[in-house]
Amino acid sequence: QVQLVESGGGLVQAGGSLRLSCAASGSIFSIVTMAWYRQAPGKQRELVAGITRGGTITYADSVKGRFTISRDNAENMVFLQMNSLKPEDTAVYYCYSNAEYYSGLYGYWGQGTQVTVSS
């Protein structure tokens, strides 16, 4: 299994920046992809950005050019640098990873961290 712990959320004014961190522990050598999702009140959880073990990166259109995902494989961490934040970025941000075992691919979630952007 993989355990994920996020940190770095908080309250920021529009136009500001925040950096989220996610530390992975457990079966870290099985991790394939690490990603950030977010869920705003009354909305479905959505992918913000993801990065594979090989370094392939995906961003949601709404954050392209403003957010940057990075991964430190040596420290088993993934980061999300969020710049030019907008009120619509307000959400609970979740760290996600999937890990591959002989029995298949399994997904894991962190507990979430609140990001609030004031206008």
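The paragraphs below walk through one sheet, strand by strand. This is a predicted model: local features need pLDDT of at least 70, side-chain atom pairs count only at pLDDT 80 or more, and totals for chains, interfaces and linings use all residues. Residues are numbered from 1 along each chain as its sequence is written, and side-chain values use heavy atoms, with hydrogens and water left out.

Start with the layout. Four strands form an open sheet in the order β1-β3-β8-β7, and the pairing is antiparallel. Because β1 (2-7) and β7 (67-72) stand at the edges, each with a single partner strand, one side of each has no neighbour in the sheet. On average, neighbouring strands of this sheet are turned by 15 degrees against each other, direction ignored. Strands here are DSSP runs (E, at least two residues), numbered from the N terminus. Two of them pair if DSSP finds at least two bridges between them. Axes are lines fitted to C-alpha atoms, and angles run from 0 to 180 degrees between N-to-C directions.

Now cross the sheet from β1. This strand pairs with β3 (residues 18-26) in the antiparallel sense, over 6 bridges. Glutamate 6 stands opposite cysteine 22 in β3. The next step goes from β3 to β8 (residues 77-82), again antiparallel, over 6 bridges. Here leucine 18 has methionine 82 of β8 as its bridge partner.

The last step joins β8 to β7. These two are antiparallel as well, with 6 bridges. Methionine 82 in β8 is also the bridge partner of phenylalanine 67. The hairpin of β7 and β8 has 4 residues between the strands, and asparagine 76 takes a positive phi near 55 degrees in this hairpin.
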